[in-house]
Amino acid sequence: MRALDVEWVTCAASPECAGSARRPYGRCLAHLDAAELDEVVGGLSPGSAIDLRATVVGARLLERIVAATRGRPGRSRFDWATFPEGARLGELVFGGDASFDHARFRHLASFFGARFAGNVSFREASFDRELSLHGVTVAGHATFDRMRVGGDALFGGTLFGRAASFENADLQGFVTFDGAAFTGDANLRGCRFRRTVSLRRTRFGGLAGFCGARFSAGAHLAPVSVGRRLTLAGAWAGRDLAVTVSRCPADLRGLEVCGRLTVRLEGAEADLEGAVLRGPATVRGRAGARLVSLRDLDAEELELADLDLSACVLAGLRHPEALRLSGCVLPPAGHGRRRRGFGVFSGWSRMRPRGGEARMERTGGRDEDRFP
């Protein structure tokens, strides 16, 4: 810690302690004697600023801080702090910005029902066990970039008032965002979900960005409400992936799924260009849902149902024999190559329906669209 270029005066109690020193003692709160700590805590009240940067925050010290501020601290700084015991910060109301960047939580960290009136940051924080932000309200921006959680991470029912970022977070246990609401954009680019993640009834007011995310044990993004756009471009799922979106574009370009893929679109459009689907895949639509591209798609088994494919690009489709259609709208005869945006349908024909389905098959001969 001494090697860090810190902006605060560090504790004089030990060369190994970089805790923020409290005036006039020159030592961090963890290294004050009983009388000195009583004096500091006695001067706290609701709204008081808290500075525990790089400090070892034991359970007793934390309890005294919470009691002295009556659960309503002001600007709170816990950057680089270490919590060797359980950190119970549930129901607290943080009146100012709160930062836990690089903090280390060795046991349960619970913020259940807490409220953050400003911004909150857990950038590169490390949680050895469980993290609970269930039912939390954040009025400002929320940052969780590159944080690591060794146990389960609970964000159910959480309200994010502005943008929230989880870029490159490493979440090793079960993760739930069930019932959470993101008022602004949500950036989960490069997140690693090592166990099942659930986003049932999650609401995104802006962008829901999972570019390059890795779902080792599969994921349930169903049903999800997205205000602007859902993107899973370049994401990878080691098992089943279920996605349901309504009335917004779904960017699934370059998505790779090793298990079953289930996509449900309601009044939405999806792009599967370059996707690699190793298991059975189904894309179903309703209310005018459409598919815009299957260019370079590599799918071993794909069923498309009740979709508008009139402008869908098929160039480079790897396994056309694996494609099954049911209730889909196809381009008018003779217009596939002439109308801009219709894609490339050359050398293909639509077979007569069998059992309520239509299949696409390769035909030889001229380089033109063939639709009976």
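Select R146 to begin: in this predicted model, R146 has a relative accessibility of 40% and counts as partly exposed. Add E124 to the selection, and the two side chains are found joined in a salt bridge, 3.3 Å from N to O. E124 is in the loop between β10 (120-121) and β11 (126-127), while R146 is in the loop between β14 (142-143) and β15 (148-149), so the salt bridge ties together parts that are 22 residues apart in sequence. E124 is itself partly exposed, its relative accessible area being 33%.

**The whole chain**

Now display the protein chain in full. The chain comprises 372 residues, of which 52% are buried. Two helices and 41 strands are assigned to the chain. Of the contacts between residues at least 6 apart in sequence, 17% join residues at least 24 apart.

**Helix α1**

Select residues 34-42, which form α1. Begin just ahead of the helix, at D33, which caps the N-terminal end of α1; a side-chain oxygen of D33 lies 3.2 Å from the backbone nitrogen of A35. Within the helix, colour E36, L37, V40 and V41, the buried residues. These residues are on the same side of α1, because the arc that they cover around the axis is only 130°. Rotate to the other side of α1 to find A34, A35, E39 and G42, which are exposed. Against which element do the buried residues of α1 pack? They pack against α2, which is the next stop.

**Helix α2**

Select residues 59-68 for α2. Its buried residues are L61, L62, I65 and A68. Their arc around the axis is only 135°, so they too are placed on one and the same side of their helix, α2. Show the surroundings of these buried residues: they pack against α1, β1 (50-51), β3 (82-83) and β4 (87-88). The face of α2 turned away from the buried side carries R60 and A67, both exposed. After α2 comes R70, with a positive phi near 55°.

**The largest nonpolar core**

Next, select F111, F155, F166, F210 and L304. The largest nonpolar core has 105 residues, and these five touch the most other members. Both helices, α1 and α2, supply at least two residues each to this core, as do strands including β28 (219-226), β31 (241-246) and β39 (323-326).

Keep L304 selected and display its contacts. Which residues touch L304 once its neighbours within four places in sequence are left aside? The contacts are with V283, L291, L294, L309, L323, R324, L325, S326 and C328.

**Around strand β36**

Select residues 276-286, the strand β36, which is also among the contributors to the core. Three pairings of this strand can be followed in turn.

- β33 (residues 256-257) pairs with β36 in the parallel sense over two bridges. Here E256 stands opposite V276 of β36.
- β34 runs parallel to β36, and six bridges join them. V263 stands opposite V283 of β36.
- β38 pairs with β36 in the parallel sense over seven bridges. V276 stands opposite D298 of β38.

V276 thus serves as a marker for two of these pairings, since E256 is opposite V276 and D298 of β38 is likewise opposite V276.**Salt bridges**

From D298, extend the selection to R278. Their side chains meet in a salt bridge, 3.6 Å from N to O. The pair links distant parts of the chain, with R278 in strand β36 and D298 in strand β38, 20 residues apart. Is each partner buried or partly exposed? R278 is partly exposed, with a relative accessible area of 39%, whereas D298 counts as buried at 12% relative accessibility.

Move to D251 and R253, which form another salt bridge; the closest N and O atoms are 2.8 Å apart. D251 counts as buried, at 8% relative accessibility, and R253 is partly exposed, with a relative accessible area of 41%.

For the last stop, select R284, E301, E303 and R324, which are linked in a network of salt bridges. R324 has already appeared on this tour, as one of the residues in contact with L304. The model contains 19 salt bridges in total.

Methods
Residues numbered from 1 in each chain as written. Predicted model: local features only at pLDDT ≥ 70, side-chain atom pairs only at ≥ 80, totals over all residues. Heavy atoms only, no water. Core = buried A, V, L, I, M, F, W, Y, C linked by side-chain atoms within 4.5 Å. Buried < 20%, exposed > 50% of the residue type's maximum accessible area, 1.4 Å probe, protein only. Helix = DSSP H or I, 4+ residues; strand = E, 2+ residues; numbered from the N terminus. Contact = heavy atoms within 4.5 Å. Pairing = 2+ DSSP bridges. Salt bridge = Lys/Arg side-chain N within 4 Å of Asp/Glu carboxyl O. Arc of directions from axis to C-beta. Polar contact = N/O pair within 3.5 Å; in protein donor to acceptor, adjacent residues only side chain to side chain.
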